[in-house]
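Student: Please give me a close look at how the strands pair in this model, and then place the other elements around them. State each cut-off once, as you come to the term.

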Amino acid sequence: MDALLEIEDLKKYYGKEPNQTKALNGITFQVMPGEFLGIMGSSGSGKSTLLNCIATVIQPDSGKIRMKGTEIQRLKGKKLAGYRGKEIGYLFQNFELLDNLTGRENIMVPLSIHNISEAEGGKRLEQLAEYLEITEVLDKFPSQMSGGQKQRLAAARALILNPGIILADEPTGALDSRNAKALMEKLAGLNRDDKTTVLMVTHDSNAASYCKRILFIQDGVIFHELRRDLLAETQQQFYERILQVMAQLGGGSANVL
Ligand SMILES: Nc1ncnc2c1ncn2[C@@H]1O[C@H](COP(=O)(O)OP(=O)(O)OP(=O)(O)O)[C@@H](O)[C@H]1O
């Protein structure tokens, strides 16, 4: 099977010597179609920089990012807009909903940007709303919703155009544990049943235990990988392995595992 997303020797340095930060210092990995991949690491390890490079929010200094074989740094104009809007769905920590639009209108934003009619997108909207349990807030404004409802609504917006991959940056960061669990169960369900590919950055070991594979990054490089044994390992056992790696993070990659 061909990889959906390929990251090859990605580097991004901020500032100049002697005060340079090597946020990404040669990161290489692949995301296969249907994967649920987590990226973990302590604060400042380069996680958001990585996601922002994939989302084309920032340009890496060197290395390659390929989506379905196409090098995204070469995309321009319509093709770049198509990649940003249709190939990736972005889920942010702080929801990033538009306060003066209703839930339904927020989910429709990507449709109108890409000139897709309400009739065409409406059916998927209703299905997503039902699955994500947000039907009752579709006509409310974000200020009238709970944090969990806002994030599930943001997930519907990220999914409305059926993107190749969901990029989630600390999606449970602003949620209490009950809402975090509800969101992760929905994302895991979409991954399992619809084969939605998810790449998620998180600090939260509980959220990470829903992933099938986790890359741990430290000082801009990958220093460890965990893969869940889906047949022999419970989610709780995987969670405990994640905690073991996290406990050693911050102690320097040389003495880990
Ligand atoms: N625009 C910038 N200018 C200078 N340094 C930056 C910039 N953005 C990030 N950095 C530095 O690059 C490193 C990686 O930052 P990044 O935000 O990618 O880490 P992170 O793992 O996402 O952290 P957190 O978990 O705290 O969000 C950090 O040392 C950070 O201070």
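Tutor: Two strands are taken to pair if DSSP finds at least two bridges between them. Strands are DSSP runs of E with at least two residues, helices are runs of H or I with at least four, and both are numbered from the N terminus. The model is predicted, so local features need pLDDT of at least 70 and side-chain atom pairs count only at pLDDT 80 or more, while totals for chains, interfaces and linings use all residues. Residues are numbered from 1 along each chain as its sequence is written.

Start with the hairpin of strand 9 and strand 10, which has 2 residues between the strands. One residue there, aspartate 219, takes a positive phi near 50 degrees. Strand 9 covers residues 213–218, strand 10 covers residues 221–227, and the two run antiparallel, joined by 6 bridges. Glutamine 218 has valine 221 in strand 10 as its bridge partner.

Strand 9 also pairs with strand 3 (residues 36–40), in the parallel sense and over 4 bridges. In that pairing isoleucine 39 is opposite leucine 215 of strand 9. A residue is buried if 20 or more other C-beta atoms lie within 10 Å of its own, exposed if 12 or fewer, and partly exposed in between, with C-beta atoms placed from the backbone. Because 5 of its 6 residues are buried, strand 9 is largely enclosed by the rest of the structure.

Strand 3 has a further parallel pairing over 4 bridges, with strand 8 (residues 197–201). Here glycine 38 faces methionine 200 in strand 8. These pairings belong to an open sheet of 6 strands in the order 6-7-8-3-9-10, and its pairing is mixed. Strand 6 and strand 10 are the edge strands, each pairing on one side only. From one strand to the next, the twist averages 20 degrees. Helix 8 (residues 235–248) packs on this sheet and touches strand 3, strand 9 and strand 10. Contact requires C-beta atoms, placed from the backbone, within 7 Å of each other. The direction of helix 8 makes about 160 degrees with that of strand 10; axes are lines fitted to C-alpha atoms, for helices over the stretch in contact, and angles run from 0 to 180 degrees between N-to-C directions.

Helix 5 (residues 147–159) also meets strands of this sheet. Its buried residues pack against strand 6 (88–91) and strand 7 (165–169), as well as helix 3 (103–113), helix 4 (118–131) and helix 6 (177–193). Of its 13 residues, 12 are buried. The expected span of a helix is 1.5 Å times one less than its number of residues. For helix 5 that gives 18 Å, and the end C-alpha atoms are 18 Å apart, which agrees.

Loops at both ends of helix 5 contain a non-glycine residue with positive phi. Glutamate 133, in the loop between helix 4 and helix 5, has a phi of about 55 degrees. It counts as partly exposed because it has 13 C-beta neighbours inside 10 Å. Asparagine 162, in the loop between helix 5 and strand 7, has a phi of about 50 degrees. With 11 such neighbours, asparagine 162 counts as exposed.

There is also an open sheet of 4 strands, in the order 2-1-4-5 and with antiparallel pairing. Strand 2 (21–31) and strand 5 (70–71) are at its edges with a single partner strand each, so one side of each has no neighbour in the sheet. Strand 4 (residues 62–67) is joined to strand 5 by 2 antiparallel bridges, and methionine 67 has threonine 70 as its bridge partner. In the loop between strand 1 and strand 2 lies proline 18. A cis peptide bond links glutamate 17 to proline 18, with omega about 5 degrees.

Helix 1 (residues 47–54) lies across strand 1 (5–14), strand 2 and strand 4, at about 60 degrees to strand 2. The ligand has a shell of residues around it, among them Tyr14, Thr21, Gly44 and Lys47; a residue belongs if its C-beta atom, placed from the backbone, lies within 6 Å. Strand 2 and helix 1 are the elements that give two or more residues to this shell, and helix 1 gives the most, with 3. The shell divides into 2 nonpolar, 9 polar and 1 charged residues, where Ala, Val, Leu, Ile, Met, Phe, Trp, Tyr, Cys and Pro count as nonpolar, Asp, Glu, Lys and Arg as charged, and the others, Gly among them, as polar.

Key: Two residues are in contact if their C-beta atoms, placed from the backbone, lie within 7 Å.
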